[in-house]
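These are my notebook entries on charged side chains and one helix. I set down each item as I looked it up.

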Amino acid sequence: MAKNLSTNLSSAVLDKAHVGDIRGTFGTIKEQDFAPRKTWWARFRTLLAIMGPGLIVMVGDNDAGGVATYAQAEQNYGTSLLWVLLLLIPILIVNQEMVVRLGLVTGVGHAKLIFERFGRFWGAFSVGDLFLVNCLTLVTEFIGIDLAMSYFEVPPYISVPVAAVLLIACTMTGSFRKWESIMYLFIVSNLLTFPLAFMSRPNAGSVIHDFVVPHIQGGLNSDVMLLIISMVGTTVAPWQLFFQQSNVIDKRLTLRWMAYERADTIIGAFIVVIGAAALIMTTAFAFHGTNLMGHFVDAGTISKGLAAKISPLARAFFAFILLNASLIGAAAVTLSTSYAFGDVFGVNHSLHRSVKEARGFYLSYGVLIFIAAGIVLIPHAPLGLITTAVQALAGILLPSATVFLLLLCNDKDVLGPWVNKMWLNVVNSIIVGVLVILSLILAVTTLYPHFDIKLLTEVLSGALIFGLTIAGFLYYSQKSKTEIEKIEKVQPAIDRHLWRMKPLNELQKPEWSKTRKLGMLLLRGYLLIAVILIVVKVVQLALGTH
């Protein structure tokens, strides 16, 4: 492992613009700045300069689809699903910390690593999933823009194209700092969710209870499982992995700033969940005991309902929150796609570059924006149903994205001394297992609507615990005590902060065991079946059948 030791921190970087001074919204840090931060004030200033990727990826996930999904959750089920958000906090932190580590150690984007370490077939499969889900997600962002601007009586043929041009203009500034500053404006605007929540006069006792006591109003059924998977899909989305890994690289962060970027990620995770909870409380308490409870259509009907049950100001707040969420979501989702495009096709892909210097990168951004905007202008589309379906699809595809992430974070040629520790692998295995269980429950309830959901959940949970126990036993049985002691002795001798992945073309191609190949093929088959069943469920909802 020592042969991988390198002090050349830019050796694997694909775009030279990814190396240099850190130019954040709230400060600049020189590339050669190695001075210790001895005071709390110095550390705070450094954190402000470095913060951004974690906050943006998290707040960007409370996008138009998120606003609609959270509003639907509580218009139909009260605050009984708040506990789902609490469980998502560790998932968000664990997953995003891993991509932060990958970005800072390798200097290479997520898409490129998947192609190089898993081959073209699996790379195309993973990135193809990203492009498909991102394109559909972007459609929901423009749906949100249309619905939000309809409150201000702006027709879609004006609001949608203007928003598209605005998003492109904000990104093509040739300055990472300017782009990040615009994102911070969106983040600050997102704080309107809190006064909106208080306007609905929430019951603190009920909120606290539903955060910590898992239950579902009306009991488990296939519809609520679809909604829970949608909540997972909108809060923990595959695009986040690609975005944050590339964004920390584009911001020119290095291993020296690992602790600060981890703090950025943790803060962002709590902010996104608190914001989602505020939206949930708004509709739950505003519509409680009214004829609107349990009759979700789309975000537009929620806006009208808030005007009727609270005040016209509440409707204006909700419309502005939806517009803001749609814009920041569209900016982040599209950028994650363009980063992946630059990784895969080897073109310059940095916000530090001008349009002339990175034509392919900015062109992919603009084309995706205009395609999604055009789809939204198609008349009579079932907007609310499309939004729910997209979030559910993201939830279904998340296990495969997490599996690739887990495998990369255990690749010693990629991360060296920064590979996952055993406890982190255990946590991620549980996360993948839970996501698969949710998908399987949805699949069974789609085919057999009257199946005993409680029994199914208990059986699948037991199977997950049994499977993880067997996997742990087999893992340790294959490693002798001597091997474990050898690893423990060698690992501390490596200076983690000097280690950096070598250029990709110098890494040996990993060998796949028969077990891994079989596992990945089974995963692909499962995903294919799950996606088909999602489509079936959406069609059932569209036809009003169950």
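Entry 1. I began with the side chain of Glu261 and found one of its polar atoms 3.4 Å from the backbone nitrogen of Gly54. The model I am reading is a predicted one. I placed Glu261 in helix α12, which covers residues 258–287. I then listed its contacts, leaving out neighbours within four places in sequence: Ile50, Pro53, Gly54, Val100, Gln244, Val248 and Leu253.

Entry 2. Which side chain of opposite charge is nearest to Glu261? I found Lys251, at 6.4 Å. I noted that Glu261 has no salt bridge although it is buried. The distance to Lys251 is 6.4 Å, and a salt bridge requires nitrogen and carboxyl oxygen within 4 Å.

Entry 3. I searched the whole structure for salt bridges and obtained nine. Among them I examined the bridge of Glu97 with Arg101, where the closest N and O atoms are 2.9 Å apart. Both residues belong to helix α4 (residues 82–106); because they are four residues apart there, about one helical turn separates them. I recorded both as buried, Glu97 with a relative accessible area of 15% and Arg101 with 3%.

Entry 4. I next looked up the salt bridge between Arg262 and Glu97, with an N to O distance of 2.8 Å. This pair connects distant parts of the chain, since Arg262 lies in helix α12 and Glu97 in helix α4, 165 residues apart. Arg262 has 30% relative accessibility, so I entered it as partly exposed. I therefore noted Glu97, Arg101 and Arg262 as a linked network of salt bridges.

Entry 5. I turned to Asp413 and Arg117, whose salt bridge has its closest N and O atoms 3.6 Å apart. Here too the pair links distant parts of the chain: Asp413 is in helix α17 (residues 412–415) and Arg117 in helix α5 (residues 110–151), 296 residues apart. Asp413 is partly exposed at 28% relative accessible area, whereas Arg117 is buried at 5%.

Entry 6. I closed with helix α7, residues 176–189. How far apart are its end C-alpha atoms? I found 20 Å, which agrees with the 20 Å that its 14 residues should span at 1.5 Å a residue. I listed its buried residues as Phe176, Trp179, Glu180, Met183, Tyr184, Phe186, Ile187 and Ser189. I found these packed against β1 (22–24), α2 (53–59), α6 (156–171), α11 (238–250) and α14 (312–345).

Definitions and conventions. Residues are numbered from 1 along each chain as its sequence is written. This is a predicted model: local features need pLDDT of at least 70, side-chain atom pairs count only at pLDDT 80 or more; totals for chains, interfaces and linings use all residues. Side-chain values use heavy atoms; hydrogens and water are left out. Helices (H or I, at least four residues) and strands (E, at least two) are DSSP runs, numbered from the N terminus. The expected span of a helix is 1.5 Å times one less than its number of residues. Buried means under 20% relative accessible area, exposed over 50%, partly exposed in between (1.4 Å probe, protein chains only). Contact means heavy atoms within 4.5 Å. Lys and Arg count as positive and Asp and Glu as negative; His and the chain ends are not counted. A polar contact is a pair of N or O atoms within 3.5 Å; within protein, one must be able to donate a hydrogen and the other to accept it, and residues adjacent in sequence count only if both atoms are side-chain atoms.
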